[in-house]
There are 2 protein chains.
Amino acid sequence: MAGTIRKSARRVTAADVAEAAGVSRSAVSRAFTPGSYLDDGKRRAILRAAKRLGYRPNAMAAILQGGASDLVAIFAGEMPNDFDREVAAALVSGLNAIGKWPLVIGGDEATARRALANVLRYPLEAMILRSGSLDEGVAKSCAKLGVPVISSGRILHMPGVDNVCCRNRDGMADMGRLLIEGGRRRVAFVGGPETFWSAGERRLGLVTALHAAGLTLSADAMGAYTVQSGYDAAADLLAGPPFDALVCANDAMAIGALSLLRDRGIPVPEQIAVVGFDDIAMAAWPAFNLTTVRNPIDTLVETVTDLVQRRVETPTKPDETIAIDVSLVCRGTH
Amino acid sequence: MAGTIRKSARRVTAADVAEAAGVSRSAVSRAFTPGSYLDDGKRRAILRAAKRLGYRPNAMAAILQGGASDLVAIFAGEMPNDFDREVAAALVSGLNAIGKWPLVIGGDEATARRALANVLRYPLEAMILRSGSLDEGVAKSCAKLGVPVISSGRILHMPGVDNVCCRNRDGMADMGRLLIEGGRRRVAFVGGPETFWSAGERRLGLVTALHAAGLTLSADAMGAYTVQSGYDAAADLLAGPPFDALVCANDAMAIGALSLLRDRGIPVPEQIAVVGFDDIAMAAWPAFNLTTVRNPIDTLVETVTDLVQRRVETPTKPDETIAIDVSLVCRGTH
DNA sequence: ATCCAGCCTGAACACGTGTTCATATGTCGA
DNA sequence: TCGACATATGAACACGTGTTCAGGCTGGAT
């Protein structure tokens, strides 16, 4: 570490490299552009000088000049449960793998709203929605700026928006049938507030399956997609009329409900079946062994990144709505 | 939705707004700059025209001209467990709250390395490290470009690097003493590979406490900070000489170990104590009720964001190393 | 009448890059 | 010898912004 040089903040530019290598600034730019006419020896000298000085082309200038920004925003919402965070982390990795750099917006509504207004000043190649509450407003702002939107997790019927969404209704309908076949007749549901679009869809799927068997929902509680809210909702439901199956709109709440039933000494699944949705890693743990619906994150990420690439390549591409297949995972709680 | 206009990709610029409002381009810029001389009526007219056209100043041009980029990178690594993902999500929210936009780099080593080279072309105000494996190399690259580094989670002794780190050794030493006071004498440890710096620190704290009581580590296993790896490591250890306490370097592995011991019918904590580190939300659930060391995420995020702000404000500020206090959380597994 | 200070305004510049344009040099075939 | 063509190179431009510069206008004090 001999002689750590503390330079002033000025960044090394192509002009600096040009001077150091004794060439024109144009040559430096060409040295970093494959397939452009440039003497091989000169190119090597430039790259050597660039490495020595620690030069990297300034992305701001390159983008302003007309280059691709490779910036993609992820509007991630509050990420209150592990599934949301896992999806966000997987999206980040997936975007990195295709050479896109995700600008992530998270936190509460007020913070996210303010952040959005500022982030939209950057030339985004796409905006990926994963919020649940502010989606329409965000999509409208993006449309005004010509930023393509990819909504993952809720379907938005707006021009300029691609949708990726798992088959919420089908999954929950399958689950409903499984419970009915297992002899359950009084089915309770724990959903979410109106802003949680998927909760409504999943509820609808369940209700459809029940109706087909001449049944209706025995009880309807509202959670917040967190473990604690599942715990609390289960407690509320137990205070009401009896039921023999508890369908939760996601795994986190199912695990919360499961915990409460165990605390109360109620045998699962003998007296009450408990099922969830998503198939988070925890659902497979022996401690829970939760019957659920698999909502594959890797497929979601692949679909989204593919959509990003195709949209960037062909901005006029027609909008798409892609459904992701889900499947029942039968474990020990139904 | 009458007449959805599908404009060509061109973005609205200040010149467009100027023409629409019948003023000079300078006036438009002034309208968005508080405290600059501009007729009030004219300012209102400009803002109205800007709103109508959907104008936002282009961040690339503004930054290139000399403005703040407000971009901060987070080198997040693979985020294999929920604690890592929670930290990342909290960092994102915290940075948004102070008006910084995080560019997140994640995924496996090869992906992250390639991503780094590209992301460094953007004028970053800071780089936040949260990786575990590639940190030194990343810090070196940043130092070469004059990008301030904030390492959170491991201490890097390099110029230009601020460090934020919880008191790993103290926390595990406290935990060691607690176990010894509880009568444990044969303590096993589940750590991580050498690249997991915190595992080494935590191990050291435990060993120190044991030595002070005239004891040594009974067994030493290697995990990967995931639940599954804790499960597997516990199985390996059970095949060896007996022990009465199992200290895991993080909660995820402790929960994995706990699951295995339950599967084998080994009473916890009667026969074997199991403890972790971090105090993730799951640790408090009745299903686990894990004794652990609280590693406060909110304090970490506050410290990091504060450091970012102070470093941006005063780039020549001396480097700091800030320790975050931890505390024992005594629950039911010790 | 003269000066000055305060407000207001448009032209011009700098930021750093990728690309185009014009020009120069070398090579090959007719 | 001449033209056609590929290769090589520096000057000049455009990208869109924030700020500086120089100047014009207004109103009041000297």
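1. A polar contact is taken here as a pair of N or O atoms within 3.5 Å. By that criterion A:S24 qualifies, since an N or O atom of the A:S24 side chain is 2.8 Å from a phosphate oxygen of DNA strand D. The model is predicted, and the distances in the points below should be read accordingly.

2. Domain layout of chain A. The domain assignment divides chain A into domain 1 (14–57), domain 2 (71–166 + 297–325) and domain 3 (168–294). Domain 2 is thus assigned in two segments, 71–166 and 297–325. The centres of domain 2 of chain A and domain 3 of chain A, taken over C-alpha atoms, are separated by 29 Å. Contact between these two domains involves twelve residues of domain 2 of chain A and 13 residues of domain 3 of chain A.

3. Annotated region. The unreviewed UniProt entry carries the annotation "domain: HTH lacI-type" for residues 12–66 of chain A. Over residues 12–66, chain A is 65% helix and 0% strand. The C-alpha atoms at the two ends of this stretch are 21 Å apart.

4. Relation of the two chains. Chain A is superposed on chain B by a rotation of 180° with 0.0 Å of shift along its axis, and the RMSD is 0.0 Å. This is therefore the relation of a two-fold axis. Of the interface residues of chain A, 100% are also interface residues in chain B, so the copies meet through the same surface.

5. Surroundings of DNA strand C. There are 23 residues around DNA strand C, and those that come nearest are A:A14, A:R25, A:Q65, B:R30 and B:K42. Among the atoms of DNA strand C that come within 4 Å of the protein, sugar and phosphate account for 53%. By class, the surface near DNA strand C comprises eight nonpolar, nine polar and six charged residues.

6. Polar contacts to DNA strand C. Base, sugar or linking, and phosphate positions are each represented in the following examples. The side chain of A:R25 places an N or O atom 2.5 Å from a base oxygen of DNA strand C. For A:Q65, a polar side-chain atom is 2.7 Å from a sugar or linking oxygen of DNA strand C. At A:N58 a polar backbone atom is involved, at 3.3 Å from a phosphate oxygen of DNA strand C. Two or more residues of the surface near DNA strand C are given by each of α2 (25–31) and α4 (59–65) of chain A and α2 (25–31) and α4 (59–65) of chain B. The largest share, four residues, comes from α2(A).

7. Surroundings of DNA strand D. Around DNA strand D there are also 23 residues, of which A:S24, A:R30, B:A14, B:R25 and B:Q65 come nearest. Sugar or phosphate supplies 56% of the atoms of DNA strand D within 4 Å of the protein, and bases supply the rest. The surface near DNA strand D has eight nonpolar, nine polar and six charged residues.

8. Polar contacts to DNA strand D. Besides A:S24, whose side chain approaches a phosphate oxygen at 2.8 Å, B:Y55 has a polar side-chain atom 2.9 Å from a phosphate oxygen of DNA strand D. A base nitrogen of DNA strand D is 3.4 Å from a backbone N or O atom of B:A61. The elements giving two or more residues to the surface near DNA strand D are α2 and α4 of chain A and α2 and α4 of chain B. Of these, α2(B) gives the most, with four residues.

Key
Residues are numbered from 1 along each chain as its sequence is written. Chains are lettered from A and ligands numbered from 1 in the order in which they are written. This is a predicted model: local features need pLDDT of at least 70, side-chain atom pairs count only at pLDDT 80 or more; totals for chains, interfaces and linings use all residues. Side-chain values use heavy atoms; hydrogens and water are left out. UniProt positions are given in the numbering used here, feature names are shortened, and annotations may be inferred rather than shown by experiment. A residue is near a molecule or strand if one of its heavy atoms lies within 4 Å of it. A polar contact is a pair of N or O atoms within 3.5 Å; within protein, one must be able to donate a hydrogen and the other to accept it, and residues adjacent in sequence count only if both atoms are side-chain atoms. Ala, Val, Leu, Ile, Met, Phe, Trp, Tyr, Cys and Pro count as nonpolar, Asp, Glu, Lys and Arg as charged, and the others, Gly among them, as polar. Copies are superposed by least squares on the C-alpha atoms of residues with pLDDT of at least 70 in both. Contact means heavy atoms within 4.5 Å. Domain bounds come from an automatic or database domain assignment.
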